[in-house]
Amino acid sequence: MPTPLNDVLAALGVPANRTAIAIGNNWIPGTGETLHVRSPVDGSMLASFPLATANDLKPILDAATNAFHDWRMVPAPVRGEFVRRIGIKLRERKTELAQVVSWEAGKILAESLGEVQEMIDICDFAVGLSRQLHGLTIASERPGHRLMEQWHPLGPAGVITAFNFPVAVWAWNAMLGLVCGDPIVWKPSPKTPLCALATHAIVVDVLREFPEIPQGVVSFIIGDREVGEAIAGANELPLISATGSVAMGRAVGQKVAARLGRSLLELGGNNAMIVAPTADLELAVRSITFAAVGTCGQRCTSLRRLIVHESIADNLIARLKGVYSKLPIGNPLEKGVLVGPLIDEAAFESMQEALESARQAGGQVTGGGRIPGEGFYVHPAIVEIDAAAPIIREETFAPILYVMRYRELSEAIAMQNNVPQGLSSSILTNDLREAEMFLSPAGSDCGIANVNIGTSGAEIGGAFGGEKETGGGRESGSDSWKAYMRRVTNTINYSKELPLAQGIKFDI
Ligand code: UN1
């Protein structure tokens with residue numbers, strides 16, 4: 001079926017024959033079953049092509065391994081120049097790539113543009129970083145000795161990404177990995193393969209400007225679980241960075257651990273916000289709505305649990321219901337729409353199951369129903385529920401906001417932490433002591449803890465990730481780059497003596 005998306009893909013340089021594999025500019029068909037890609041926007045068929053199987057992985061691993069031998073010796077600032085060019089190309093193709101993201105992941109255009117902006121931002125960050133991959137020099141206890149550390153490229157990195165951030169999460173990993181000297185083997189979600197093809201085409205365009213760079217520095221393979229497992233088990237990939245469900249991360253993490261590899265996991269969030277009595281309620285309504293219904297509740301940082309002080313709960317809930325009743329829901333490519341569709345029917349069903357569990361636990365559900373027509377468009381739900389209900393401990397990838405009440409801050413913090421996940425959290429308060437308590441060691445146990453903003457929409461400059469079942473990995477900014485490198489400790493003796501550490505005498 002003709003769709004404007006094909007024109008966009010052609011403009012981006014994606015070959016007309018869609019393939020499940022590419023090694024640099026070498027686009028290779030997969031040997032597996034046919035994948036049919038339907039748009040969550042209107043159910044239209046976007047593409048059909050054979051998936052890759054685990055048997056298709058070998059040439060990719062070989063190419064990445066070969067590429068590594070050259071790439072690790074390219075000076076990091078020169079690797080940074082490649083990434084700088086990718087950032088420029090992304091600026092030029094921002095609108096087109098965002099359209100692909102909206103068509104395939106169903107997020108509204110403004111958020112898709114934001115996602116591509118995250119790619120551009122991480123390019124800029126990585127370019128700067130390419131000139132400051134630094135180690136320490138450390139005081140040696142021995143005279144005439146120097147103790148220092150260096151950071152060297154680690155090796156090819158496997159990057160497994162999810163449908164909900166189909167291009168930005170790859171960029172967080174790939175741009176850092178590339179400046180660090182690691183070739184990148186990407187396994188995108190089979191729900192958003194065209195986003196990967198489009199992104200890869202942009203990178204290939206830059207690769208053409210650098211004929212000396214081996215093609216194997218960038219590759220992708222689109223397949224199902226079997227391919228993910230093969231990647232996790234591949235000794236050629238010393239680092240596996242995986243974003244997705246806790247179940248996926250558990251499987252990948254165990255497989256990587258079994259070969260004593262390194263994994264960087266960014267898994268489920270079940271994020272909460274505490275709204276304290278002094279909170280600015282206008283700001284609360286806006287930040288809650290963006291965090292809870294943005295991306296149709298399908299961010300790992302989406303707000304799922306609202307813990308409100310009992311003195312303001314009725315007022316805040318009424319205002320939220322008012323805003324929810326007027327939310328513009330519909331085609332994410334249309335101007336003015338704020339809530340697009342769920343990714344697919346399975347997402348809709350798990351939303352309905354969660355709402356049913358909530359009702360059984362005595363929850364009062366407002367919204368949550370499907371809007372008739374093509375695609376799975378829903379009314380975001382507000383669920384007033386008891387903090388003891390089992391369903392609130394689960395992450396459902398849908399716009400459901402569980403609302404609970406509290407009396408004392410310590411109780412609110414305990415509620416916030418009483419879930420298996422630990423990605424993002426926030427408190428809305430104008431009381432300094434409450435804010436600092438929330439940020440203290442006895443406060444939020446998450447990897448992200450915010451004050452007077454929501455749980456989602458983090459900037460790339462900070463380290464991104466969380467604790468407990470979220471997996472413990474950190475991607476993106478700060479010193480996350482260290483995961484993509486190996487640290488070497490060097491001791492250099494520039495004296496004519498051989499003093500041993502710890503004062504050991506060993507005279508022969
Ligand atoms: C994700 O959902 O996997 O903080 C990533 C945010 C975005 C990234 C979300 N910058 O909401």
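What follows is a chat about the ligand site, the pocket, the cavity and one sheet of a predicted model.

Colleague: Hi! Ground rules before I dig in?

Modeller: Sure. This is a predicted model, where local features need pLDDT of at least 70, side-chain atom pairs count only at pLDDT 80 or more, and totals for chains, interfaces and linings use all residues. Residues are numbered from 1 along each chain as its sequence is written, and side-chain values use heavy atoms, with hydrogens and water left out.

Colleague: Great. Which residues surround the ligand?

Modeller: Glu-118, Asn-164, Phe-165, Trp-172, Glu-266, Arg-299, Cys-300, Thr-301, Ser-456, Gly-457, Ala-458 and Phe-464. Each has a heavy atom within 4 Å of the ligand.

Colleague: And what lies 2.8 Å from an oxygen atom of the ligand?

Modeller: A polar side-chain atom of Arg-299 does, and so does a polar backbone atom of Cys-300. A backbone N or O atom of Ala-458 sits 2.7 Å from a ligand oxygen. Polar contacts here are pairs of N or O atoms within 3.5 Å. The ligand taken alone exposes 330 Å², and the protein buries 99% of that (Shrake-Rupley areas, 1.4 Å probe).

Colleague: Nice. Changing topic: what volume does the largest pocket have?

Modeller: About 1,100 Å³. A pocket is an open set of points on a 1 Å grid over the protein atoms alone, with protein on both sides within 12 Å along at least five of seven lines; lining residues have an atom within 4 Å of a point. The volume is the space filled by probe spheres set on the points, which are joined across faces, edges and corners.

Colleague: Who's lining it, and which helix gives the most?

Modeller: There are 50 lining residues, with Ala-162, Thr-243, Gly-244, Ser-245 and Met-248 nearest the centre. Helix 9 gives the most, six residues. Helices are DSSP runs of H or I, at least four residues, and strands are runs of E, at least two, numbered from the N terminus. By class, the lining divides into 22 nonpolar, 15 polar and 13 charged.

Colleague: How many cavities of 30 Å³ or more are there?

Modeller: One. A cavity is a set of points where a 1.4 Å probe fits but cannot get out. Trp-170, Ile-184, Trp-186, His-200, Val-203, Val-218 and Ser-219 line the largest cavity, giving five nonpolar, two polar and no charged residues.

Colleague: Last one: what's the strand order in that open sheet of three strands?

Modeller: The order is 5-6-25, with antiparallel pairing (two strands pair if DSSP finds at least two bridges between them). Strand 5 (137-138) and strand 25 (485-493) are the edges. Two bridges join strand 5 to strand 6 (residues 145-153), and Thr-137 stands opposite Met-148 in strand 6.

Definitions and conventions: Ala, Val, Leu, Ile, Met, Phe, Trp, Tyr, Cys and Pro count as nonpolar, Asp, Glu, Lys and Arg as charged, and the others, Gly among them, as polar. A polar contact is a pair of N or O atoms within 3.5 Å; within protein, one must be able to donate a hydrogen and the other to accept it, and residues adjacent in sequence count only if both atoms are side-chain atoms.
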